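You asked for a quick read of this model before we talk it over. Here are my notes, in the order I would walk through them.

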Amino acid sequence: MPAPKTRLLLLLGLTLVVCALFMTVGLRGRLSYVLAYRAQVMAAMVLVAVAVGASTVVFQTLTRNRILTPSVMGFDALFVLVQTAVIFFLGTGGWTGWPPLLRFGVETALMVGFACLLYRWMLSGPRRDLYRLLLAGLVCGILFRSLSELMQRMLAPTEFSVLQGRLFAQLTLPAGDLTLAAGALVLTAGALLWRSRRELDVMALGRETAVALGVGHDRVVTRMLILIAVMVSASTALIGPLTFLGFVAATLAYQLAGTTRHAVVLPFATLLAVVALAGGQMVLEYGFGMAGTLSVVIEFAGGSLFLWLLVRKGRM
Amino acid sequence: MIEVRNVSKVYGARRVVEDVSFTLPPGGVVSLIGPNGAGKSTLLSVMGRLLPADGGQVLLDGRDVAATDSAALARRLSILRQENHFVSRLTVRDLVAFGRYPYSGGRLTAEDRDRVAEALAFLDLTALADRYLDQLSGGQRQRAAVAMVLCQNTDYILLDEPLNNLDMRHAVAMMRLIRRAADDLGRTVVVVIHDINFASAYSDRILVMKDGRLQHDGPPAEIMRPDLLEAVFEIPVQVRQIEGQAVGIYYR
């Protein structure tokens with residue numbers, strides 16, 4: 001059994017190999033153009049991987065379980081609702097006139113506000129049991145999705161097509177300026193999480209032990225929820241909702257890392273998400289010629305793992 | 001010095017702790033005894049700022065524990081809770097090392113490592129140091145949790161049922177350790193304890209709680225009286241002096 005650090009290095013090696021393959025397999029046409037395009041896709045993937053992997057691990061630490069993830073709890077459905085509601089209430093006329101970065105900023109700010117209100121309330125107080133939280137999350141997710149759908153039905157066709165273009169953003173069609181903005185947010189949030197990695201180890205011991213060791217538990221929960229909301233916003237804006245990627249990355253990270261220290265688990269989950277995204281996309285696009293289906297495959301595999309673990313253990 | 005001033009705690013409509021006041025001067029072992037549901041654990045949690053009081057306050061050297069900077073407080077006062085279940089997969093050494101967090105912020109220095117080794121040795125855990133907590137018996141986990149609290153190296157130590165799950169030998173070792181922490185290191189230790197005979201044998205002072213109130217407060221000689229114990233626990237208790245020690249007999 002190699003030490004956790006060795007395992008992390010091995011995974012880093014694997015990730016670099018996968019990324020290199022992704023950049024070079026089946027190159028055709030004008031090299032500079034193809035490489036630039038793939039680099040942009042790659043950058044979007046890495047950002048999504050950091051956002052999804054890290055936010056899931058941290059969320060699981062806050063809720064002290066290995067089943068719940070921000071997506072399962074309706075975080076990304078909430079972001080879609082925010083995007084929809086903004087177009088619904090402001091109309092595309094005024095809204096699309098705004099610079100995309102400002103729009104993204106406003107949406108993210110709204111998302112952070114709502115997410116903190118809702119999930120702080122859900123997670124605070126005495127320890128809630130897993131099934132109640134899971135149920136509350138599912139109900140919230142359904143509620144957000146239904147509200148979004150309702151508003152989408154009431155939109156004018158042109159407004160709806162604008163919205164749809166944003167909601168079904170795909171990995172293969174990244175928007176340049178959005179990648180930059182999302183990148184800045186994800187990297188800032190990621191750096192802040194990384195700085196809190198030791199505090200998070202203490203948080204994983206539970207509220208009372210954390211307080212006894214001098215960690216301001218409730219303050220840390222709020223801070224982490226803000227960072228999680230920012231990361232989910234960025235990744236949802238980049239490639240749309242992905243429910244089970246974070247779950248797969250975090251679950252495998254805990255299985256394979258050989259430790260529960262965040263200093264190892266956080267990068268581990270992130271790298272696994274990169275491998276899943278880049279490797280999966282490569283195999284599907286260049287192996288089977290099915291560029292747009294990655295999210296379907298990840299959702300299917302992740303969803304199966306989720307159900308299997310839930311049925312088998314109920315808790316991890 | 002810890003001053004508990006008119007502390008009350010309410011859960012829903014139930015008053016779990018009602019208007020409790022006492023003062024703990026530095027040094028010594030104080031036992032908190034009483035029937036189940038008397039409010040002992042709740043009171044201890046309020047003293048350790050794990051729960052907010054609904055009335056009154058707890059002062060550590062004149063400063064309200066609920067308002068003091070939590071990180072600084074963690075270097076003066078430590079608390080062990082009854083429930084010690086962790087989702088993280090940790091070795092005994094990992095867990096004990098968390099006791100140094102208030103000093104090291106998670107980055108262990110050589111001194112921290114020495115303290116951890118010391119605490120492990122104190123609690124007879126050196127051989128088990130690299131075992132995972134989920135591979136241990138309840139008593140071994142309990143000792144690991146106490147070792148973590150000791151590692152915190154604080155003047156005031158609050159322990160909620162430290163004898164939980166311990167066999168006779170380890171229970172005695174634990175009480176001797178607590179006694180030594182008070183006598184040799186000048187620590188103030190408050191223990192919630194169920195065995196009145198351990199309380200009688202090892203403490204300087206016994207606090208008796210019932211129905212959320214502090215009913216009696218005194219040295220073991222004053223508390224270990226049949227009429228008093230019978231009224232508190234509602235079973236017949238005889239008290240004998242054996243080898244200069246008051247022993248309660250209540251088993252049959």
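The points below cover the domains, the strands and the chain contact.

1. First, a reminder that we are looking at a predicted model. I concentrate on chain B here, with chain A coming in at the end.

2. Chain B comes in two domains, and the first is made of two stretches of sequence: domain 1 takes 2–76 + 154–249, while domain 2 takes 83–153. Between the C-alpha centres of domain 1 of chain B and domain 2 of chain B there are 24 Å.

3. Where the two domains touch, 15 residues come from domain 1 of chain B and 12 residues from domain 2 of chain B. On the domain 1 side, β7 (156–160) and α7 (168–183) of chain B each put in at least two residues. The biggest giver on that side is α7(B), with four residues. Sorted by class, the domain 1 side of this contact has nine nonpolar, four polar and two charged residues.

4. Now the hairpin. Strands β1 (residues 2–11) and β2 (residues 14–24) of chain B run antiparallel and pair over seven bridges. If you want a spot to find on screen, look for V10(B), whose bridge partner in β2(B) is R15(B). Two residues sit between the strands of the hairpin, and G12(B) in the turn has a positive phi of about 60°.

5. Next, the open sheet of chain B. It has six strands in the order β6-β7-β8-β3-β9-β10, with mixed pairing. Why do β6 and β10 (213–218) of chain B each have one side without a neighbour in the sheet? Both stand at the edges and have a single partner strand each, so nothing in the sheet flanks the other side. Neighbouring strands are turned against each other by 15° on average, ignoring direction.

6. Inside that sheet order, β8 and β3 of chain B come one after the other. Strand β3 (residues 28–33) and strand β8 (residues 188–192) of chain B run parallel, joined by five bridges. One pair to check is G28(B) with its bridge partner T188(B) in β8(B).

7. Last, the contact between the chains. Chain B contributes 20 residues and chain A contributes 14 residues. On the chain B side, the elements giving two or more residues are α2 (70–73), β6 (77–80) and α4 (101–104). The largest share there is from α2(B), with three residues. By class, the chain B side splits into 11 nonpolar, six polar and three charged residues. Note that β6 of chain B thus turns up twice in these notes, in the chain contact and at an edge of the sheet.

Notes. Residues are numbered from 1 along each chain as its sequence is written. Chains are lettered from A and ligands numbered from 1 in the order in which they are written. This is a predicted model: local features need pLDDT of at least 70, side-chain atom pairs count only at pLDDT 80 or more; totals for chains, interfaces and linings use all residues. Domain bounds come from an automatic or database domain assignment. Two residues are in contact if their C-beta atoms, placed from the backbone, lie within 7 Å. Ala, Val, Leu, Ile, Met, Phe, Trp, Tyr, Cys and Pro count as nonpolar, Asp, Glu, Lys and Arg as charged, and the others, Gly among them, as polar. Two strands pair if DSSP finds at least two bridges between them. Axes are lines fitted to C-alpha atoms, for helices over the stretch in contact, and angles run from 0 to 180 degrees between N-to-C directions.
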